[in-house]
Amino acid sequence: MTAAFVVLVLLTATSQVAYALPSPIQFQRSIPFSVFNTTSATVYTADKPISPPFEIDIVNQLTYNSTGTKAAGVKFQDATTGSMNALEIKTYNNKAIDILWTDKTTGSTTKIGGMAGEEQQSFPKEIIIENQGSSLSIKLADGTVIIDSFVLPSNFKILAVSAFGNEASVASDGFITVYVGGLSPTKMVSVSVNVMVPLLTAIVTIGIVFTLFSKLKNKI
């Protein structure tokens, strides 16, 4: 076992897997700031229903107006109109986040999670949602967890995405880009790497011991 191999194993064990967008991407839309300057929702229909498991990325590049409490809302729906199940994400100009769920059966909308503005050091530019089929998790790109596991209907599909503001003049520039698609294979690799770390550590240790014995044998 060479020193180069040991270094390679160390790098593999300690490297962080970079975040990747959903794969394959089945829905992508950049929503301009003007859409969020009205409380009337603009609805974008998916080419076909997106079934779980799926991943959603919300990349927020809005320039918010600073006065008042401004919120940009993005809702993921299993219908375009009428009764629906829907997941709604609101991001505020003060860095706060609200997560809401609308239940098709009851017609009620409930806040299921979120973060206060003072809980965050910087504006949450990227929100990641993973729907495994029976539950979903929501986190920020830095790994901060907003919702660990929320049980939802296993047949929840995305047929449409709507966007709106909580009032007029939410933003003055920019856009929010929404990506929906399959769970990223890179994340699956990341899980595998994490599982293998103890094994890789053992291999590194054996390699170091082997190298030391080889050097002692040469001296003898």
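In the predicted model, S162 lies in strand β12, which spans residues 158-165. Its relative accessibility is 1%. The cut-off for a buried residue is under 20%, so S162 counts as buried. The side chain of S162 makes a polar contact with the side chain of Q77, at 2.6 Å. Neighbours within four places in sequence set aside, S162 is in contact with A41, T42, V43, G73, V74, K75 and Q77. Of these partners, G73, V74, K75 and Q77 fall within the range of strand β5, residues 71-77.

The pairing of strands places these contacts in context. Strands β5 and β12 run antiparallel and are joined by 6 bridges. Within this pairing, S162 of β12 is the bridge partner of K75. K75 is also among the residues in contact with S162. Q77, by contrast, is linked to S162 through a polar contact between side chains.

Strand β5 also pairs with strand β6, residues 86-92. These two strands run antiparallel as well, with 7 bridges between them. Here Q77 stands opposite A86 of β6. Q77 thus has a backbone-level partner in β6 and a side-chain partner in S162 of β12. Strand β5 is mostly covered, with 7 of its 7 residues buried. Both of its faces are covered. On one side, A71, G73, K75 and Q77 are buried. On the other side, A72, V74 and F76 are buried.

A loop residue offers a contrasting case. G107 is found in the loop between β7 (97-102) and β8 (109-115). Its relative accessibility is 57%. The cut-off for an exposed residue is over 50%, so G107 counts as exposed. G107 and N85 are 22 residues apart along the chain. Their C-alpha atoms are separated by 8.5 Å.

Open space was examined next. The second largest pocket holds about 160 Å³ of space. It is lined by 13 residues, of which Q120, S122, L140, D142 and T144 are the closest to its centre. The lining of this pocket is mixed in character, with 5 nonpolar, 4 polar and 4 charged residues.

Terms used
Residues are numbered from 1 along each chain as its sequence is written. This is a predicted model: local features need pLDDT of at least 70, side-chain atom pairs count only at pLDDT 80 or more; totals for chains, interfaces and linings use all residues. Side-chain values use heavy atoms; hydrogens and water are left out. On a 1 Å grid over the protein atoms alone, a cavity is a set of points where a 1.4 Å probe fits but cannot get out, and a pocket is an open set with protein on both sides within 12 Å along at least five of seven lines; lining residues have an atom within 4 Å of a point. Grid points are joined across faces, edges and corners, and a volume is the space filled by probe spheres set on the points. Ala, Val, Leu, Ile, Met, Phe, Trp, Tyr, Cys and Pro count as nonpolar, Asp, Glu, Lys and Arg as charged, and the others, Gly among them, as polar. Helices (H or I, at least four residues) and strands (E, at least two) are DSSP runs, numbered from the N terminus. Buried means under 20% relative accessible area, exposed over 50%, partly exposed in between (1.4 Å probe, protein chains only). A polar contact is a pair of N or O atoms within 3.5 Å; within protein, one must be able to donate a hydrogen and the other to accept it, and residues adjacent in sequence count only if both atoms are side-chain atoms. Contact means heavy atoms within 4.5 Å. Two strands pair if DSSP finds at least two bridges between them.
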